[in-house]
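Hi everyone, thanks for coming. I'd like to take you on a short walk through a structure today, so please have it open in front of you.

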Amino acid sequence: MCLGYPAKVVEILKDGKKAIVDYLGLKKTINVSLIKEVAVGDYLLIHSGVAIEKIDEKEAEEIEKLFGEVRDANS
Amino acid sequence: MQTLEKVNTIINTIKNNIEKIGRQLRIIEVCGTHTVSIYRNGFHTLFKGYIDFISGPGCPVCVTHEGYIDNLIELAKMNHTIYTFGDLLKVPGKSMSLAEAKAKGAKIKIMYSPVDAVENIAEDEEAIIAAVGFETTVPAFALSLEKVLEKDLKNVKFACELKTIDQPLKILLKDHIKVDGLILPGHVATILGVDGFKFVEEFGIPSVISGFEKYDILLSLLSLTQSILDNDFTVKNEYKRVVKKEGNTVAIRYIERFFERTDAYFRGLGLIEGGGLRLKSEYSAFSIQLEYDYDSLSNSACRCADVLTGKLKPFECPLFERVCTPQTPKGACMVSQEGSCNAYFRFGKWK
């Protein structure tokens, strides 16, 4: 139940409380009331339709790079 | 290949650390999503003889009492519409689950998000939102109540069975279980921050806040074994890309605005003082008070309680795999995808 997924902000809607995010090509409208200063291009952790934190892109990229390398090495 | 070597180095360092400690470690993961990641990625076999993984009571579905389900079904019979996360559907009540009640015509709707649910509730619907979850999910319920207030909806109520992580963890560590280290729930920590888990340090047990990918788990085990070697009881954070020291302060303020502590029943641990959250009295008009007998779990052969307190492995339960499967769950630990019995059933190589 505490599952979360990372998604990229592609559009912020008018009232600033909602945004459209892209998760693996799927576009979804989510609530961003809990996030300070959200901007297009940010990565957010989404849970139950609500963004619960901004993901530190640099840290995330490093982890993603490691995963990518492991995947490539295994394929 | 460089990275594979890196991964192997981490695995070997973890094993070397454990050899230096000189015994098999008992490590408890509190969150069900960690349980799944550990079993799906085969860490229980990779570290066999080195680490005995124990699943704690951090899955809100698994610790939900069947009486809560019975109450929701009763309310559905009284012409209310129940909005629930899909996870709860198969949890057995005394006579049936929400899924069975739905099949018999009860008005039970699955919600993806309580905030979205409130937007779509019809005016003539007497809606009850099944509010189940730990601190990760509580802000979503707070936002949905805010929306109810904004829209001045009179036909929406919350059936709160919300849980907090600190009280059960304190009781588990104090009275129920002896472990060498803790893997702390990354998404509860996203809300509460590293600071929200500082209380663990008082128990003199090393701990680490972890993400959920396989690399996260490995780095967390590395950190944890190092802390055990060093007798270092500081809460470590290996999920820095998401978890901040102070947590999500906006979310915490939302929780504090709408909710207050209450006693709560945890399957496996019993009634825990301050273990739950209810709506503050000024919002009582939006709350449905549920009452049920905490001590009566109808299926006495179900050993969920012992599984949740690390006394028993899922396969040691007499019902496991014989009559209790993810298709026909007898206890909540088999229902949820994040339950330890369910994870063992799907990924465990216990045979």
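I'll start where the two chains meet, then move on to some salt bridges, a helix and one residue in chain B. Please keep in mind that this is a predicted model.

Let's begin with the interface. Chain B and chain A bury about 3200 Å² between them, and 65% of that is on carbon and sulfur atoms. Chain B brings 42 residues to the contact and chain A brings 33. What holds charge to charge here? Three salt bridges are counted between chain B and chain A. One salt bridge to look at joins Glu150(B) and Lys17(A), with the closest N and O atoms 3.5 Å apart. Several elements of chain B give two or more residues to the side that touches chain A, including helix H1 (2-21), helix H7 (138-150) and helix H10 (214-230). Strand E5 (127-133) of chain B is on that list too. Sorted by class, this side of chain B has 20 nonpolar, 11 polar and 11 charged residues. There is also a network of salt bridges linking Lys18(A), Glu119(B) and Lys147(B). As for polar contacts, nine residue pairs turn up across the interface, both partners being at pLDDT 80 or more.

Now for salt bridges more widely. How many are there over all chains? A search of the whole structure gives 22. Let me pick out a few in chain B.

Take Asp166(B) and Arg261(B), whose side chains meet at 2.8 Å, N to O. Asp166(B) belongs to helix H8 (residues 166-176) and Arg261(B) to strand E10 (residues 259-266), so this salt bridge ties together parts that are 95 residues apart in sequence. Is each partner buried or exposed? Asp166(B) is buried, at 14% relative accessible area, whereas Arg261(B) is partly exposed, at 43%.

Another pair is Asp195(B) and Lys245(B), with 3.2 Å between the closest N and O atoms. Here both partners sit in loops: Asp195(B) in the one between helix H9 (186-192) and strand E8 (207-210), Lys245(B) in the one between strand E9 (235-237) and helix H11 (249-258). They are 50 residues apart, and the pair links distant parts of the chain. Asp195(B) is partly exposed at 33% relative accessibility, while Lys245(B) is exposed at 56%.

For a third example, Glu201(B) pairs with Lys198(B) at 3.0 Å. Glu201(B) is partly exposed, with 24% relative accessibility, and Lys198(B) is partly exposed as well, with 35%.

Next, a helix. Please find helix H2 (residues 32-40) of chain B. Why call this helix largely enclosed by the rest of the structure? Because eight of its nine residues are buried. Among them are His34(B), Val36(B), Ile38(B) and Tyr39(B). After H2(B) comes Gly42(B), which has a positive phi, near 75 degrees.

Last stop: Ile108(B), in strand E4 (residues 108-110) of chain B. Its relative accessibility is 2%, and since the cut-off for buried is under 20%, Ile108(B) counts as buried. Which residues does Ile108(B) contact, leaving aside neighbours within four places in sequence? They are Ala76(B), Ile82(B), Thr84(B), Leu89(B), Leu98(B), Ala101(B) and Lys102(B). You can also find Leu72(B), 36 residues away along the chain, with its C-alpha atom 9.2 Å from that of Ile108(B).

That's my tour. Thanks for listening, and I'm happy to take questions.

Definitions and conventions: Residues numbered from 1 in each chain as written. Chains lettered and ligands numbered in written order. Predicted model: local features only at pLDDT ≥ 70, side-chain atom pairs only at ≥ 80, totals over all residues. Heavy atoms only, no water. Helix = DSSP H or I, 4+ residues; strand = E, 2+ residues; numbered from the N terminus. Buried < 20%, exposed > 50% of the residue type's maximum accessible area, 1.4 Å probe, protein only. Contact = heavy atoms within 4.5 Å. Salt bridge = Lys/Arg side-chain N within 4 Å of Asp/Glu carboxyl O. Buried area = accessible area lost by both parts, 1.4 Å probe. Polar contact = N/O pair within 3.5 Å; in protein donor to acceptor, adjacent residues only side chain to side chain. Nonpolar A, V, L, I, M, F, W, Y, C, P; charged D, E, K, R; others polar.
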